[in-house]
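This report turns to strand pairing and burial, and then to aromatic contacts and charges placed over rings. Please read it alongside the sequence and the model.

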Amino acid sequence: MANILYGVNGEGAGHSSRAREVLTHLKECGHTIHVASFDRGLKNLASDFNVTEIFGLRLAFVQNRVRYGRTLIKNLVMLPRAARSVRKLNHLARQWKIQLVITDFEPVSCHTGHKLGLPVLSIDNQHCLTYGEISYPRKYRKDARAAKMVTRLMTPRADQYLVTSFFIPRAKNKRTFFVPPILRKEVLQAIPAERDFVLVYVTSPAVEVIDILKEIRQSFICYGFNREGRDGNLWFKKPSQEGFLNDLIEARAVVANSGFSLISEALHLGKPYLAWPVKRQFEQVFNAYYIRETGYGAYWDDLTKENIESFLFNLDLYRENLAQYPRNDNSALFAKLDEFIGKHSG
């Protein structure tokens with residue numbers, strides 16, 4: 001059995017959600033796992049796994065837009081803490097006698113792996129941008145270059161990349177393998193239903209959307225607005241993993257920012273998706289673009305009454321396309337993971 005360091009990006013809930021499934025698999029296989037994470041990753045995983053807190057990069061959001069100036073300042077002031085975190089994890093990895101490193105878009109653990117000469121396996125969706133044969137609108141070329149640069153810097157020179165994607169592009173090199181999205185067991189076991197409401201989710205409160213939704217003859221359940229209670233055709237709810245999943249299972253469609261985890265779960269459950277990407281975050285633009293290209297939903301840079309009504313009008317078309325969506329479990333990724341560990345832990 002292997003002694004593994006697993007780095008988990010703590011920005012948002014998506015990384016820790018999929019890491020939990022991989023960690024559970026590793027634990028069931030008898031491996032010893034030491035997790036390194038921060039923020040949401042630390043909070044979501046600490047109760048069930050051995051988690052060490054490390055420094056993590058954080059994005060600054062204002063009105064559904066990434067603010068790179070604020071993000072830069074926010075992280076620059078934390079550089080001394082980042083350096084201490086790297087030294088700490090290097091020391092702990094030696095103490096734990098780590099044999100290999102797995103990283104979910106988490107750079108400190110990747111750095112530790114390279115520093116100690118250990119095999120490094122990357123598991124994430126972001127490397128689709130760098131190692132997949134993909135396309136995107138020409139107007140986003142500048143943002144794409146920036147996103148690719150950041151992706152390469154986060155977890156460079158891994159021995160292997162397992163890249164999750166809701167569509168499967170051709171890999172650019174022999175170290176990269178594309179696999180279906182990692183899904184929570186609750187999603188895999190869910191039986192989708194359809195009630196007369198649309199699920200709305202925003203990464204940061206977007207007050208301008210509220211007035212638009214009020215004009216549409218449709219009920220909406222809304223998360224992410226820092227509000228609770230009913231307001232006409234809108235029902236605002238507080239954050240709740242269980243409550244949100246139940247609403248996702250029963251929604252007739254989804255209107256949301258285009259984070260990879262929510263898209264993956266919605267498509268698996270057969271929910272048409274109106275993708276509204278966080279501005280200046282190319283990964284979300286990329287996800288939204290492929291939602292439209294695959295015919296699983298719509299993509300708009302800005303939400304308007306007309307855009308939402310057009311999406312709702314075409315739900316039957318999106319459902320027809322979603323009927324062909326491949327609903328896979330996590331076995332393909334687990335097989336590649338077990339193969340990598342077997343090769344590098346002997």
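## Strand β1 and its partners

In this predicted model, strand β1 pairs with strand β6, which spans residues 100-104, and the two run in the parallel sense over five bridges. Within this pairing, G7 stands opposite T103 of β6. Strand β1 also pairs with strand β2, residues 32-37, again in the parallel sense and over five bridges, and here the bridge partner of L5 is H34 in β2. The connection from β1 to β2 involves helix α1, residues 14-28, and together β1, α1 and β2 make a β-α-β unit that is right-handed.

## Burial of strand β1

How many of the six residues of strand β1 are buried? Six of the six residues in β1, which covers residues 3-8, are buried, so the strand is largely enclosed by the rest of the structure. The burial can be followed on both faces, since N3, L5 and G7 on one side are buried, as are I4, Y6 and V8 on the other. L5, bridged to H34 in β2, and G7, opposite T103 in β6, both belong to the face that holds N3.

## Aromatic pairs

The structure holds 14 aromatic pairs. In one of them, the ring centres of F282 and F286 are 6.3 Å apart and the planes meet at 40°; because planes under 30 degrees apart count as stacked and those over 60 as edge-to-face, this pair is tilted. F282 and F286 both belong to helix α12, residues 282-294, where they are four residues apart, about one turn of the helix, and both are buried.

Another pair joins F311 and Y318, with 5.5 Å from centre to centre and 25° between the planes, and this pair is stacked. F311 and Y318 are both buried as well.

## An aromatic cluster and charges over rings

F282 and F286 also take part in one aromatic cluster, whose members are Y136, F166, F167, F260, F282, F286, Y289 and Y290.

Which rings have a charged arginine end over them? R175 lies over the face of Y131, at 5.9 Å from the ring centre, while the charged end of R227 sits over the ring of F236, at 4.2 Å from its centre. The value for R175 and Y131 can be read against the cut-off used here, because a charge counts as over a ring within 6 Å of the ring centre, provided that it is also within 35 degrees of the ring normal.

Notes:
Residues are numbered from 1 along each chain as its sequence is written. This is a predicted model: local features need pLDDT of at least 70, side-chain atom pairs count only at pLDDT 80 or more; totals for chains, interfaces and linings use all residues. Side-chain values use heavy atoms; hydrogens and water are left out. Buried means under 20% relative accessible area, exposed over 50%, partly exposed in between (1.4 Å probe, protein chains only). Two strands pair if DSSP finds at least two bridges between them. A crossover is right-handed if, with the strands pointing away from the viewer, the path from the first strand over the helix to the second runs clockwise. Rings of Phe, Tyr and Trp (its six-membered ring) pair if their centres lie within 6.5 Å; planes under 30 degrees apart count as stacked, over 60 as edge-to-face and the rest as tilted.
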